[in-house]
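I opened the file to go through helices, charges, rings and cysteines in turn. These are my notes.

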Amino acid sequence: MKASNSFPYNCRKLMRVFALAPSIGLLFFVSASAQKKNSCVDCHSQIEGTLSEPVRLSKGDVHDSRGISCVDCHRGDASSDDMAVAMNRKKGFIGKPRSSDIPGLCGRCHSDATFMKAFNPSLRVDQEREYSTSVHGKLLKSGEQKVATCVSCHGEHGIRAVIDPQSKVYALNVAETCAACHAKSDYMKSFKIPNDQYDKYRTSVHARTLYEKQDLSAPTCNDCHGNHGAAPPGLASVANVCGQCHVRQAGLFQSSPHKTVFGLMQVGECVQCHSNHGIQAPNDELLGVGDKSACTQCHSEGDSGHAAAKKMRERIDEISASISGANEILDRAERSGMEVSKPRFDLNEAKDALTQSRVLVHAFSPAEIDKIIDSGVDVSNKSYEAGGAALNELSFRRKGLAGSLFFILFLAVLIYLKVRQLESRQQTLQNES
Amino acid sequence: MTNDSGNEAHRGINKCSKCPNDIEIKQQDPPSGRRRFLNYLLGTAFGATAAAIFYPILKFITPPHIIEAAQNSVTAGKLSELALNSGKIFKFGNKPGILVRSASGELKAFSAVCTHLDCIVQYQPEKKQIWCACHNGQYNLNGQNVGGPPPRPLEEYVVNMRGEEIVVSKA
Amino acid sequence: MKAETLTLWLDERLNLTSIAQLARKKEIPLHRHSIWYYFGGMTLFLFGIQVGTGILLLLYYRPSAETAFESVQFIVTEVQFGWLIRSVHSWSANLMIATLFIHMFSVYFMRAYRPPREITWLTGVFLLLLAVGFGFSGYLLPWNKLAFFATKVGTEIAGVVPLVGKPTLRFLRGGDEVTGATLTRFFGFHVAVLPAITTAVVVTHLILVQMHGMSIPAGLEGKPVKKMKFFPSFFLRDLIGWVLAIGALAALAAIFPWELGEKADAFAPAPAGIRPEWYFLFMFQTLKMIPAKVLSFDGEVLGILAFGIGGLLWFVLPFLDNPAKPRRRMLFKTVGVIVVVYIVALTIIGFVS
């Protein structure tokens, strides 16, 4: 190709490019506009009001950015500017779909594994099937129109991926999305279910963790109820659901006597004591036989459960008091200037034991928690002793100080006396001279 | 206080004839009883105070039981005390650490403070992973958070052997 | 061997007799203001305590950012009587600076810097700077949060001075920020550089004092003044003061142990209410109270320059004073009172706010 470096050849090559330029340019122009002529967007963007909303929302829409546009759901003909042609129902155009048709409409693509693989191989394709098992899905099938369908939660236009913080189904937004229906008492009047779930949830420890600490691992509606197959867990399966995170408590519960009893009595596991939506951070009052306790809902004076509850509470109060006692004395020692970081560190082991014993409560057997409480109290006592030793050392120092001060002051006085004596002698000597 | 010719009024200031210089050796008066007593007390008080000062100093310079301040490395235990596929909690400065001896004998050490809500993690021999009992957080043997709520891996420490002793230090 | 034989032997070699004769000659004038004579010696005694306790602390202290705090913690918890040595060291530093101030102002008001004692005054002001340098460098050594930020602020103020400020800041900090390098450097200053210079200056100061003898108030010059022998009378009185000082230090160490606080963290925000040690407080408070801009100049720079000029004037005081002019005496007395009142007032304000 050596010849290509020579001047006249280059010139010709360049000329060829220049000649082609306009045609190439035209091609680009044509293809750009034929980047799908979208008459839907062309017209609807010009209409004021709600009809132009879909166009505005399409920016950032997860479908639109992958080349899936209006006609892929609504059918019709986007190449024609003539409304009669573009929106011809006889030719298959679907305007606003009926609620009952929506799951199928979305499912046309989203349940097709082969189709979805081209876009996101790891996305699930069973949402439609799951939905049909949900309360929403079942009601929809029975003809109820006032239920949530795909678009109620995901939106219809301007749909965003779940991990997008602007998505209606992003972890921090899920509860609000559900509450959009479930918290409205007039809307939900015909369905005989309570509408305080959202309000209760917002007071819960889970909500506080999620919204205030921004800890996205905290549960919101879908973590317990499921998203597409949304349904309240059966009474006998609550422990499994809570147990996804609270593994130990669930495991202990399921081997405890309460499991069968709760099943027989048709009492909700976990929620009977901890409630379902407004779950508060549990404190020790929940255990035992006081008025705030959960145990007395079923157990009364005289039965073994009552005694067990009382015993467990007593033991937990014991270690709790032991730890605060140790903390208090260590605080006193520290305020007096003594260094007590090691006993404080060791006290953590006792705090750990307390946490563990609170978990072990879910076995509902005092024997289970005895061992760990005993070791915790032991550690706590050792820290308490260390605090006491620090205070004793302080008192020893002060006694030592008092003793030394005695000698020091004594010495000072004696020196003074010596001075007086020496000077009086000098005086005497002087007088004699 | 100079003197020359043994003036008796000065009471006993003698000139030493042997000395080339004019050194006067003052002969002390026989001390009176009171003076003697005062001197005795003074000496005792000085002694006591000196003791009160030198005793702590002596104790101070004697090496204490623990000879060094807690530093960036600790002895986490003996190799013989740690079975294969087991873990142990140890104290690293002010914080707990976890020492793991894997099934293949490899030693690993991490901070034992769970990155979710600060519970203390433990080793699960059946699953060969590190687990947090509070909310089912799971970490693999590289300290990476592989399951549950923990948002970050566990801080890894460097493990070395000093004879039989396992020494853990900050990375 | 008898004491007398030993004394003779030593005297033949060290000429102890002449020293003894000089010592016997030393006299202290007695008058209304004689009490102030104790404060120089007290400052020297407290300095001796600092050297002693400082050397003891050196046996265990580790001057690096990773280990300094832990080593002080170790001294205070594990080493026997470590708490005592450390608290005495910290308290005695403060007492020493207090007595130093008293000594300095008593010299000022008694105008003891008059000829021929001008150089004594100059070495004295130099010693003031060295003592403050000791305090500033030593404060950082435990590497706790309070000290870290106090050092940060203090060196920053030094850096504000025009021209020399930035290089001074870098020299002090061992870099642009306060880091482990600063700690190592301050340690070097505190245990080697400053002690060496201070030894030389203290010796000069003391030799000059022995040479010139104790100054007496101007009004008493020429008049007959009762004198007291230094050995043994005044010295024993000095000793009483020193013994009481030891008692005070022991009491302070046992009843008000010096805090250790938390380890310094360069990335944590400054704790609330941060302020320097009391002997810097009046300057710090003044700087805080100067408006940010005075005319077109940066308020802080003006403040520092003002203190610098004030310090310089204080240094050359003997040459500014003119004993022949009674009006000038009055002026100096007034200025002195104002300075003392200002320092006290602003220190109190600094504490209270």
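Entry 1, a helix in chain A. Before reading backbone angles I fixed the term: helices are DSSP runs of H or I, at least four residues, numbered from the N terminus. The model is a predicted one, and I read local features where pLDDT is at least 70. Just after α13(A), I found Q214(A) with a positive phi of about 55°. I then looked at the helix itself, which covers residues 205-212 of chain A. H206(A), A207(A), T209(A), L210(A) and Y211(A) are buried there. I asked what covers these buried residues of α13(A). The cover includes α11 (174-182) and α12 (197-203) of chain A.

Entry 2, chain A as a whole. I counted 21 helices and 0 strands in chain A. The chain has 433 residues, and 29% of them count as buried. For contacts in chain A with a separation of 6 or more, I noted that 57% join residues 24 or more positions apart. The accessible surface of chain A is about 26500 Å². Carbon and sulfur atoms hold 59% of that surface.

Entry 3, salt bridges. I searched the whole structure and got 30 salt bridges over all chains. In chain A, E130(A) pairs with R124(A), with 3.6 Å between the closest N and O atoms. E130(A) is partly exposed at 27% relative accessibility, and R124(A) is partly exposed at 49%. I also noted D164(A) with R160(A), at 3.1 Å from N to O. R160(A) has a relative accessible area of 23% and is partly exposed.

In chain C I looked up K263(C) and E70(C), a salt bridge with its closest N and O atoms 3.0 Å apart. This pair links distant parts of the chain, 193 residues apart. K263(C) sits in the loop between α10 (230-255) and α11 (278-289) of chain C, while E70(C) is in helix α4 (residues 68-77) of chain C. Are the two partners buried or exposed? K263(C) is partly exposed, with a relative accessible area of 29%. E70(C) counts as buried because its relative accessibility is 19%, and the cut-off is under 20%.

Back in chain A, I recorded a network of salt bridges that links R315(A), E318(A), D370(A) and D374(A).

Entry 4, charges over rings. The charged end of K146(A) sits over the ring of Y187(A), 4.6 Å from the ring centre. I found another case between chains: K91(B) lies over the face of F345(A), at 4.9 Å from the ring centre.

Entry 5, aromatic pairs. I counted 39 aromatic pairs over all chains. I took F47(C) and F134(C) as one example: their planes are at 65° and their centres 6.0 Å apart, so the pair is edge-to-face. F47(C) lies in helix α3 (residues 38-58) of chain C and F134(C) in helix α6 (residues 118-140) of chain C, so the pair ties together parts 87 residues apart in sequence. Both rings belong to buried residues, F47(C) with a relative accessible area of 18% and F134(C) at 13% relative accessibility.

I then looked at F235(C) and W242(C), an edge-to-face pair with 6.1 Å centre to centre and 90° between the planes. F235(C) is partly exposed at 26% relative accessibility, whereas W242(C) is buried with a relative accessible area of 17%.

Entry 6, a threonine in chain C. T99(C) lies in helix α5 (residues 82-109) of chain C. T99(C) counts as buried, at 10% relative accessibility. Which residues does T99(C) touch, not counting those up to four places away in sequence? I listed F39(C), M42(C), T43(C) and L46(C).

Entry 7, cysteines. I found 1 disulfide over all chains. C119(B) and C134(B) form this disulfide, with their sulfur atoms 2.1 Å apart. The link is left-handed, with -95° about the S-S bond. C119(B) is in the loop between β6 (107-111) and β7 (122-124) of chain B, and C134(B) is in the loop between β8 (129-132) and β9 (137-139) of chain B. C119(B) is buried at 17% relative accessibility.

I also checked cysteines without a bond. Why is C295(A) not bonded to C273(A)? The sulfur of C273(A) is the closest cysteine sulfur, but at 6.5 Å it is too far for a bond. C295(A) is buried, with a relative accessible area of 19%. C132(B) is in no disulfide either, and its nearest cysteine sulfur, that of C114(B), is 3.8 Å away. C132(B) counts as buried at 3% relative accessibility.

Definitions and conventions: Residues are numbered from 1 along each chain as its sequence is written. Chains are lettered from A and ligands numbered from 1 in the order in which they are written. This is a predicted model: local features need pLDDT of at least 70, side-chain atom pairs count only at pLDDT 80 or more; totals for chains, interfaces and linings use all residues. Side-chain values use heavy atoms; hydrogens and water are left out. Buried means under 20% relative accessible area, exposed over 50%, partly exposed in between (1.4 Å probe, protein chains only). Contact means heavy atoms within 4.5 Å. Accessible areas come from the Shrake-Rupley method with a 1.4 Å probe; for residues, only the protein chains shown count as cover. A salt bridge is a side-chain nitrogen of Lys or Arg within 4 Å of a carboxyl oxygen of Asp or Glu. Rings of Phe, Tyr and Trp (its six-membered ring) pair if their centres lie within 6.5 Å; planes under 30 degrees apart count as stacked, over 60 as edge-to-face and the rest as tilted. A charge sits over a ring if NZ of Lys or CZ of Arg is within 6 Å of the ring centre and within 35 degrees of the ring normal. A disulfide is a pair of cysteine sulfur atoms within 2.5 Å.
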